[in-house]
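Colleague: I am new to this structure and would like a close look at one part of it, the largest pocket. Could you take me through what forms its lining, and then add whatever else you can describe with care?

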Amino acid sequence: MAHGNYSYKPTNAFMKWLDSRLPIVRLVDESVLKFPTPKNLNMWFTFGGILTFMLAVQIVSGIVLAMHYVPHETQAFDSVERIMRDVNYGWLLRYMHSNGASMFFIAVYLHIFRGLYYGSFKAPREVLWLLGIVIYLLMMATGFLGYTLPWGQMSFWGATVITNFFSAIPLVGESITQWLWGSFAVDNTTLQRFFSLHYLLPFVIAGVVVLHIWALHVPGNNNPLGIDVKGPQDTVPFHPYYTTKDGFWIALFLIVFAYFIFFNPNFLGHADNYVPANRLVTPAHIVPEWYYLPLYAILRSVPDKLIGVILMISAILIWALLPWLDTSRVRSNNFRPIMKQLFWILIVVIFLLGYLGAQTADDSNLVFFGAELPIGKLLLSQLLTFYYFAHFLVITPIVGLWETPNPVPESISKAVLAKKNGGAVPVAAE
Amino acid sequence: MAHSIDNANVTRRDFIYVASATAAGVGLAASLWPFIDQMNPAADTLALKEVEFDLSPLVEGQIVTIEWQKKPVFIRRRTAAEIKAAEDVPLDQLRDPQADKDRVQKPEWLILVAVCTHLGCVPDKNNKGEFGGWLCACHGSQYDTSGRIRKGPAPKNLAVPPYLYLTDTKVLIGAEPKPAAVVAEHG
């Protein structure tokens, strides 16, 4: 634990007795309540709390939905409609769960972008970052499996397209796909196993979250300055300082969540999923959920099945190399004038890819707000995909070596105090 | 083993360690197999093997979609022009070269598994695309009047299922054709 001079002292005979047998109160006290946390965390560091909260929302709402849902191809769609119409508060529980998935992904993307901007992936937090990627992949799998369950047209064809990614594997692809389906196509067997796994994976996520927090508590939190904690003057106890701050931002986040649940519950979904699954007709325009769109654009940018699938998977796995691709000594982009610009360019590229992922699969020119642009959608996705990979593989290592970072402050507490007094931030002598 | 492989240092106990770990490893692997294989298609799924279809109601140019092994199958009564278009394509223009005669038992009747070989969507039977066959709207693959891939991301032609003419107007899809009949197994 970073600079944890504090240790728990049981206050009465019973607590002493318990502490020597199961030190659970000590665990909570030392690693949650009194955990020394940098005193300069901003709102971008509250997404860990928001995500933990959303995981709990998804698990609780999911468990109760499973009490009413029927995982069978002839009854799944109707059972979801029954939840919406007949089950007490069923509409609320389902909208909470379906929009909750989207909110979970909004929060995880902001959490990841925070990590990218402030260099939270850099040493000594590489394992923390890698575990985060594992959680993100598990979330993608869970979201996909859950989206299949209502057994509407988008559910069915989404499941078909995604499971067919595996058919791109040479030689054994076909056998693996049939093994995943338990049939010759997505059918009832597939639905039942997807339900089983959709119920399982959130608990696996919870397990990896424990590892993620464990790996966080060894080096302690990163912070907006990206410099190490040098002593107790740089930290405050997690409670009440960050329980309050996280609580405040969870409350604001809940306002956005509530807007979607109560005023626009189908905005992030797709109307075609209110049509029961039909294995003989694919909808004219199938799109994945919004959180997969940039990856979908990368998949479609290559007119070759195997390469498309490999690129799409690599687009995430490449993050795992980032701690070693980033050659800069400085963590926070606050002190990296060039990388800061490149970070925002990357964000724009990801958003454009997402926009292209939602377009129809033809090579017509891009129409943006009614104006036809002189560039084909396919070419644009290829350029953006190229830039996306170049950012990590080429630009990041080179900029890290070539860029001259601005001087970083001497310590967190000095920077905080200087900011409070409106003076110049003392910089570390090097 | 932590120490170097040196005959003088290898004891009977080392042998027991290796042998017992190996036996346990093989046992573990063997006991995993039922948990893996249960996910493969079950006996009742495999039994959905054949489906009979009466061709007589179809008019020239018509395409119908039927279900076989939970998959959609296109049955298309081709026009003379469509047959000629399919037969006239030079094979070197094809991504997955195959002559039209190897894909049909009778030229008038084109029978295909209606699963795009890209990512499994059903190509749109109301949109014939640039090659008079099918356009798959999901990712833009285009097939010709023989169901061969001509453009877009799909790597292979639409598969031809095994089928057998029971009479002149009845086919049994899923059944192996009689040895005399010529059919290409594909995909």
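Modeller: In this predicted model, the lining of the largest pocket draws at least two residues from each of several helices of chain A, namely α2 (24–33), α3 (47–66), α5 (90–117), α6 (126–148), α9 (188–217) and α10 (238–263). Of these, α9(A) gives the most to the lining, with seven residues. The pocket itself has a volume of about 1,300 Å³, and of the 47 residues that line it, those closest to its centre are Gly48(A), Thr52(A), His212(A), Ile213(A) and Leu216(A). Sorted by kind, the lining residues comprise 28 that are nonpolar, 15 that are polar and four that are charged.

Turning to chain B, its domain assignment gives domain 1 (1–40) and domain 2 (45–186), and the C-alpha centres of these two domains of chain B lie 51 Å apart. One residue of chain B can be followed in detail: Gln142(B) is found in strand β6, which covers residues 141–144 of that chain. Gln142(B) counts as buried because its relative accessibility is 8%, where the cut-off for buried is under 20%. A polar atom of the Gln142(B) side chain lies 2.6 Å from the backbone nitrogen of Glu130(B). Once neighbours within four places in sequence are left aside, the residues in contact with Gln142(B) include Glu130(B) again, together with Gly129(B), Phe131(B), Trp134(B) and Leu135(B), and also Arg148(B), Ile149(B), Arg150(B) and Lys151(B).

Notes. Residues are numbered from 1 along each chain as its sequence is written. Chains are lettered from A and ligands numbered from 1 in the order in which they are written. This is a predicted model: local features need pLDDT of at least 70, side-chain atom pairs count only at pLDDT 80 or more; totals for chains, interfaces and linings use all residues. Side-chain values use heavy atoms; hydrogens and water are left out. On a 1 Å grid over the protein atoms alone, a cavity is a set of points where a 1.4 Å probe fits but cannot get out, and a pocket is an open set with protein on both sides within 12 Å along at least five of seven lines; lining residues have an atom within 4 Å of a point. Grid points are joined across faces, edges and corners, and a volume is the space filled by probe spheres set on the points. Helices (H or I, at least four residues) and strands (E, at least two) are DSSP runs, numbered from the N terminus. Ala, Val, Leu, Ile, Met, Phe, Trp, Tyr, Cys and Pro count as nonpolar, Asp, Glu, Lys and Arg as charged, and the others, Gly among them, as polar. Buried means under 20% relative accessible area, exposed over 50%, partly exposed in between (1.4 Å probe, protein chains only). A polar contact is a pair of N or O atoms within 3.5 Å; within protein, one must be able to donate a hydrogen and the other to accept it, and residues adjacent in sequence count only if both atoms are side-chain atoms. Contact means heavy atoms within 4.5 Å. Domain bounds come from an automatic or database domain assignment.
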